[in-house]
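Here is a short note for a colleague who is new to this structure. Please read it with the model open beside you.

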Amino acid sequence: MRSNETIILLIQIITTWTMLGIFWFLQLVHYPIFNKIKDGFVQYERGNLKRTAALIPPIMVIDIVTNVMALIYASKGLYISLISAALVLNILTWLTTFLFQMQAHQKLSIQYSKQALAKLCGTNWVRTILWTGKSGVYFALLYYLCS
């Protein structure tokens, strides 16, 4: 494996496993707390969006860019397949973010809605599962490269 491939793979592993931790935290801790906020929900949500925008999108951009780069540099059969699977999961994560989570957050930043909050929490399971799957792909990739 060339050094640029190794660096890209390390960045992929770091960003993917970072997002895995973030999304399990969001799903099990952060979003359930939203149900407890009664007064000042809109202000809380707006602050949440600002802080979240400083953390999650930059990691997701680095992750997808390095995922594409990894595919460009990939040279072995199973390695290409695993990187391709990771990219598919990555694209699905972006799609669900744009189709569901961003809309729900936008509604909640204007007015509290029990339905929008339920949609946010429910559809975020999709992203949590996708990041878990992508993390599994990288475990498989590391196993493949080390064996």
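1. A term first. A polar contact is a pair of N or O atoms within 3.5 Å; within protein, one atom must be able to donate a hydrogen and the other to accept it. By that rule, the side chains of Asp 63 and Thr 16 form a polar contact of 3.1 Å. Keep in mind throughout that this is a predicted model.

2. Start with the overall layout. The protein has 4 helices and 0 strands. Read from the N terminus, the order of elements is α-α-α-α. The C-alpha trace spans about 55 × 20 × 20 Å along its principal axes.

3. Next, how the chain packs. Of the 147 residues in the protein, 41% are buried. Take the contacts between residues at least 6 apart in sequence: 78% of them join residues at least 24 apart.

4. Then the surface and the charges. The accessible surface comes to about 8,100 Å². Carbon and sulfur atoms account for 72% of that surface. The protein carries 12 positive and 4 negative charges, and the mean positions of the two sets are 6 Å apart.

5. Look now at Asp 63. This residue sits in helix H2, which covers residues 41-73. Is Asp 63 buried or exposed? Asp 63 has a relative accessible area of 0%, so it counts as buried, the cut-off being under 20%.

6. What does the side chain of Asp 63 meet? One polar contact, of 2.6 Å, links it to the side chain of Thr 15. Another, of 3.1 Å, links it to the side chain of Thr 16. Setting aside neighbours within four places in sequence, Asp 63 is in contact with Gln 12, Thr 15, Thr 16, Asn 90, Trp 131 and Lys 134. Thr 15 and Thr 16 lie in helix H1, given its span of residues 3-34. Asn 90 falls within helix H3, given its span of residues 77-108.

7. Thr 97 is worth a visit too. Thr 97 belongs to helix H3. Its relative accessibility is 10%, so Thr 97 is buried. Which side chain shares a polar contact of 3.1 Å with that of Thr 97? The partner is Arg 127. Not counting residues up to four places away in sequence, Thr 97 touches Met 60, Met 102 and Arg 127.

8. Two residues show pairings across sequence. Asn 4 lies in helix H1 and is partly exposed, at 28% relative accessible area. Asn 4 and Tyr 73 are 69 residues apart along the chain, yet their C-alpha atoms are separated by 8.4 Å. Ile 72, in helix H2, is exposed, with a relative accessible area of 64%. Its C-alpha atom is separated by 9.7 Å from that of Ile 83, which is 11 residues away along the chain.

9. Last, the cysteines. A disulfide is a covalent bond between the sulfur atoms of two cysteines. How many disulfides does the count give here? The count comes to 0. Cys 121 has 15% relative accessibility and is therefore buried. Cys 146 has a relative accessible area of 67%, so that residue is exposed.

Note on methods: Residues numbered from 1 in each chain as written. Predicted model: local features only at pLDDT ≥ 70, side-chain atom pairs only at ≥ 80, totals over all residues. Heavy atoms only, no water. Helix = DSSP H or I, 4+ residues; strand = E, 2+ residues; numbered from the N terminus. Buried < 20%, exposed > 50% of the residue type's maximum accessible area, 1.4 Å probe, protein only. Contact = heavy atoms within 4.5 Å. Disulfide = S-S within 2.5 Å. Areas by Shrake-Rupley, 256 points an atom, 1.4 Å probe, with all protein chains shown as cover. Lys, Arg positive; Asp, Glu negative; His and termini not counted. Charge placed at Lys NZ, Arg CZ, Asp CG, Glu CD.
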